[in-house]
Amino acid sequence: MFDVIIAGCGPTGAMLAAELRLHDVRVLVLEKQAEPAPEVRIVGLHIRSLELMAMRGLLDRLLAHGRQRPSGGLFAAIPAPAPAGLDTSLPYILGIPQPVIVRLLTEHALALGAEVRRGCAVTGLDQDDDGVTASLSDGEVLRTRYLVGCDGGRSSVRKLLGVGFPGEPARQQWIMGEVELDGPPAPTADPRFHYRPAGAGAYQVVVPAAGLSDRPPTLDDLRQELRTVAGSDLGVRSPRWLSRFGDATRLAVRYRVGRVLLAGDSAHIHPPLGGQGLNLGVQDAVNLGWKLAGEVRGWAPAGLLDTYETERRPAAADVLDNTRAQMELQAPTPGARAVRRLLTELMDIDEVNRRLIGKLAAIDLRYDFGPAPDPVGRRQRDVDLAQGTLYDRLHAGRGLLLDPTGGLTAGAWSDRVGHLIDPAVPSVLLRPDGHVAWAGDDQAELDRQLTRWFG
């Protein structure tokens, strides 16, 4: 019997498996694809995801395979510089092939002791008070204490649960790819068409497609759409990858039904404007991992696992709303163009630009922990210490009490919460996901919050 079975070994599933293994949870990951996807699509890791990778000691591995660029010009592809002085030590976006992210996160999970089976999917499930019985596509039946669906927008787990997935179906599509061109295209009046250099003479191009299709795009498809929008095919050639995406936007009604949970695209889908989708899933995994581990290991206080939905579903709803707004700003209508021109002017105001970057990069996110002053509910940025950094102390996925004076204690919770005494740090209690659970100097209130979050 496994403690947790995860359906889907994409970035969300692999990250969740690793988070659970940090707490010695027995994990099996099932991936229906027999081989990793061959598509070498470049995706962007935003600031908050990079911070989470740093917290788990993974950042250097990712940096070796990616390209850094400023975190500006992300909202609806409106040209704008990255604001100066963002509240982070990692003020950039990392462009990296998605298969590389999946490979590195899977290797990380395997090194921690997770088991991964490829060519196998969940086809049925039945749960009771003690666990979940999962039927697999190869005919095997397995028993697990919990099951998590990380199996994408067409999630079999979500459908088996009967969880509603309301929202808007796709109304339009785009073709996206990395290709070589004769040169930069001339500007057009259609804001849905945009491009940016992708290194080594290549460009990432996004162009609206005529009609809807489930068929993978070809180079000839891209040429035809470029002729329509840009007036020529721009000599497009040598595609590194091509894909379609639409503007379907949906959010699961629930993230948890008993012992079965949803994370990543299984719980939410939206257009890739702003590049938030993969990041949202990875952040789901880090939020869920330690809470589910607490349930498995027996120390979780009542209601802890339910906070996964109450924290992450509103975060996803906010992402869906900002992608809806970006879609409207890219419509080729006079009204949308007028609003786009206005927002372009407003983004010259530093605070407006900073607010939009903070939203897309998830560094402005504050979870609702009830009445509490800042910074409670917000994530803690990294801090330089005499040796290393604060994030170096979070590699084990435990909570951490930051104590600048040595006057505090984690007491009976010391097996689940570390204690860092250093004058460079603020006086706060960090959850394993790096969010502040308590701030101040009152030991009695600290004990109450330790009980609330760590049992």
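Modeller: Rings of Phe, Tyr and Trp (for Trp, the six-membered ring) form a pair if their centres lie within 6.5 Å; planes under 30 degrees apart count as stacked, those over 60 as edge-to-face and the rest as tilted. By this rule there are eight aromatic pairs. The structure is a predicted model, in which local features need pLDDT of at least 70 and side-chain atom pairs count only at pLDDT 80 or more, whereas totals for chains, interfaces and linings use all residues. Residues are numbered from 1 along each chain as its sequence is written, and side-chain values use heavy atoms, with hydrogens and water left out.

Biologist: What makes Tyr 255 and Tyr 308 a pair, and of which kind?

Modeller: Their ring centres are 5.6 Å apart, and the limit is 6.5 Å. The planes stand at 45°, which is neither under 30 nor over 60 degrees, so the pair is tilted.

Biologist: Why is this pair said to tie together separate parts?

Modeller: Tyr 255 belongs to the loop between strand 15 (249–251) and strand 16 (256–257), and Tyr 308 to helix 8 (residues 306–329), so the parts joined are 53 residues apart in sequence. Helices (H or I, at least four residues) and strands (E, at least two) are DSSP runs numbered from the N terminus. Both tyrosines are buried, that is, under 20% relative accessible area with a 1.4 Å probe and protein chains only (exposed is over 50%, partly exposed in between).

Biologist: How do you know which kind of pair Trp 290 and Phe 454 form?

Modeller: The centres are 5.8 Å apart and the planes make 35°; an angle that is neither under 30 nor over 60 degrees counts as tilted. Trp 290 is in helix 7 (residues 277–297) and Phe 454 in helix 11 (residues 443–454), 164 residues apart. Both are buried, and they belong to one aromatic cluster with Trp 299, Tyr 367, Phe 369 and Trp 453.

Biologist: How do you know that Arg 431 sits over a ring?

Modeller: The criterion asks for NZ of Lys or CZ of Arg within 6 Å of the ring centre and within 35 degrees of the ring normal. The charged end of Arg 431 is over the ring of Trp 453, 4.8 Å from its centre. Arg 259 likewise lies over the face of Tyr 146, at 4.8 Å from the ring centre.

Biologist: What makes a set of residues a nonpolar core, and which residues have the most contacts in the largest one?

Modeller: Such a core consists of buried Ala, Val, Leu, Ile, Met, Phe, Trp, Tyr and Cys residues joined through side-chain atoms within 4.5 Å. The largest has 106 residues, and those with the most contacts inside it include Val 4, Leu 292, Leu 429 and Phe 454. Helix 7 contributes the most, ten residues. A second, separate core of 16 residues includes Ala 80 and Met 347.

Biologist: Why are strand 20 and strand 22 called edge strands?

Modeller: The open sheet has the order 20-19-21-22, with mixed pairing. Two strands pair if DSSP finds at least two bridges between them. Strand 20 (417–421) and strand 22 (436–439) each have a single partner strand, so one side of each lacks a neighbour in the sheet.

Biologist: How do you know that strand 21 and strand 22 pair?

Modeller: Three bridges join strand 21 (residues 428–430) to strand 22, and at least two are required. The two run antiparallel, and Leu 429 stands opposite Trp 438 in strand 22.
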